[in-house]
Each structure stands twice: as C-alpha cells, then as structure tokens.
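The exercises below are meant to be worked through with the sequence and the coordinates side by side. Try each task before reading its solution.

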Amino acid sequence: MIEHILRRFLDHPSRRWIVITVTFAIGLVAVWPAVDEYLAVTADCSSLEAEIVRTEKTVSSLAAFRKRVEEKVAALERHEAQAVSPQAAREFRARLVSLARQHNCQIRRINLSDTRTRKWRNNDRPIEGITRVKKGRETRFDLRTQQCKLMVMGPLPSIIGLLEELQKEDRLIYASGYTLRPSAVNRETSELEIELTLFDLEEGVKPSA
C-alpha cells in the first residue's frame, strides 16, 4: 500500500512543487517558535533601550541638579561667612582699633550699638530703608543689624589707607554715612567720622505649639 502511494507520488507531474511546499511547511512549523522568540526578544531589547535612554536622562538631570545644589550650598556658605554676628561685630570693633593704630590714626570715638532685629521679607532691601520693605511678605528669617560709629584723626594719607583697608573687608558691612574734614586742632591732620551698618541673617526661632 505504502509502495503504491510512493510510486504514484513519484510519477506525479507536480511532485517537485509538492516537495517544496511540504518542505517549506515543515520548515515554517519548525522555525516559527524561534521567530516568535526573536520578535519577543527584539521587543524586550527595544523596551530596555528606551528604559536606558530614560535612565540616562534621569541620571543626567540628577547630576545637573546635584551641581546646582552644590553651587547653592557654596554660595550659602560664602554668605554665612560674610554675615556679622554679634560676636563677629565685637571682633570687627577690635579690628578697627588695630587698623587705626597701624595707620597712625588716633581714635577719638568708637561705639558699637545694641543689636536690632526684624523679620526678613521677600525682596528685602535693608540698605534702602525699612519703610519700603514693609510691603514684602515676612519670611522665617530674622535680619539683625548693628551700628558701628568710628571717629579718628590723623594725616590724610593715613586716613585714606584706613579706608582702603575697610574696603577689603569681605563682610556684610555698609557705610551708611561718613564725614571727612580738616581737624580743628591741627590743620595738618584730618578727621574721619564714619557710620557702618553690620548685617546678620539667621533663621528665627519657631513659635512653640
């Protein structure tokens, strides 16, 4: 029976195409699972590549964010170093005395006022006067100020040297007023009277619940 079927198949005029079709079908059945697996792997690879791109963007954003934070922290540390706390104000007063002596100036008067405190406001401009900043919203920080008034007498070059030293002070200090005039005692000397405002900014004490 099988021999008869095989003989008929071999004598069939389309046996070549039948062989090709059957071979292709058998090959397709054998290969199709591998094709499915390939397509699945390709999809996974595409998904992973997209995830890698998103991760790289996130990492890049985190690096940029970290850099901005580090810059802000460095700027904050610089400003904190420039602030003049009550202790730093006393040290600054002692430094004024030392600078005046170094420049051969005679101190006539030096006063350091008590600390004044008020709330720091948004868009605050402390050197422009307090009336203007009352419009801003209060923050949780306190602005502390002290006035240091200095009056010295000495040769004009010595006073100029003293002023140049004061300009080098990298602190939150503002010259709110000064007067330079010839001395009434000795016409060869001059008198300098200067008022300095020392600034300090600290986080205020939180009210108790």
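**Exercise 1: a helix and its two sides**

Compare the expected span of helix α5 (residues 156–167) with the distance between its end C-alpha atoms.

Solution. The expected span is 1.5 Å times one less than the number of residues, so the twelve residues of α5 should span 16 Å, and the end C-alpha atoms, which are 17 Å apart, agree with this. Helices (H or I, at least four residues) and strands (E, at least two) are DSSP runs, numbered from the N terminus. The model is a predicted one, in which local features need pLDDT of at least 70 and side-chain atom pairs count only at pLDDT 80 or more, while totals for chains, interfaces and linings use all residues. Residues are numbered from 1 along each chain as its sequence is written, and side-chain values use heavy atoms, with hydrogens and water left out.

Next, identify the buried residues of α5 and the elements that they pack against.

Solution. Buried means under 20% relative accessible area, exposed over 50%, and partly exposed in between (1.4 Å probe, protein chains only). By this criterion the buried residues of α5 are S158, I159, G161, L162 and L166. They lie on the same side of α5, because they cover an arc of only 155 degrees around the axis, the arc being that of the directions from the helix axis to the C-beta atoms. On the other side of the helix, P157 and Q167 are exposed. The buried residues pack against α3 (86–102), β3, β4 and β5, where contact means heavy atoms within 4.5 Å.

**Exercise 2: strand pairing**

Determine in which sense β5 pairs with β3, and in which sense with β4.

Solution. Two strands pair if DSSP finds at least two bridges between them. β3 and β5 pair in the antiparallel sense over 14 bridges, and G154 has S190 of β5 as its bridge partner. Strand β4 (residues 173–182) also pairs with β5 in the antiparallel sense, over nine bridges, and here P182 stands opposite S190.

**Exercise 3: salt bridges**

How many salt bridges does a search of the whole structure find?

Solution. A salt bridge is a side-chain nitrogen of Lys or Arg within 4 Å of a carboxyl oxygen of Asp or Glu, and the search finds ten. One of them joins K119 to D142, with the closest N and O atoms 3.2 Å apart. K119 lies in strand β2 (residues 116–121) and D142 in strand β3 (residues 138–154), so the pair ties together parts that are 23 residues apart in sequence. K119 is partly exposed at 28% relative accessibility, whereas D142 is buried at 14%.

A further salt bridge brings E195 and K149 together at 3.6 Å, N to O. This pair links E195 in strand β5 (residues 190–203) with K149 in strand β3, 46 residues apart. E195 is partly exposed at 26%, and K149 is partly exposed at 42%.

**Exercise 4: the surroundings of Q146**

Is Q146 buried or exposed, and which backbone oxygen does its side chain reach?

Solution. Q146, found in strand β3, is buried, with a relative accessible area of 7%. Its side chain reaches the backbone oxygen of S113 at 2.9 Å. Leaving aside neighbours within four places in sequence, the residues in contact with Q146 include S85, P86, A89, L112 and L196.

Conventions: A polar contact is a pair of N or O atoms within 3.5 Å; within protein, one must be able to donate a hydrogen and the other to accept it, and residues adjacent in sequence count only if both atoms are side-chain atoms.
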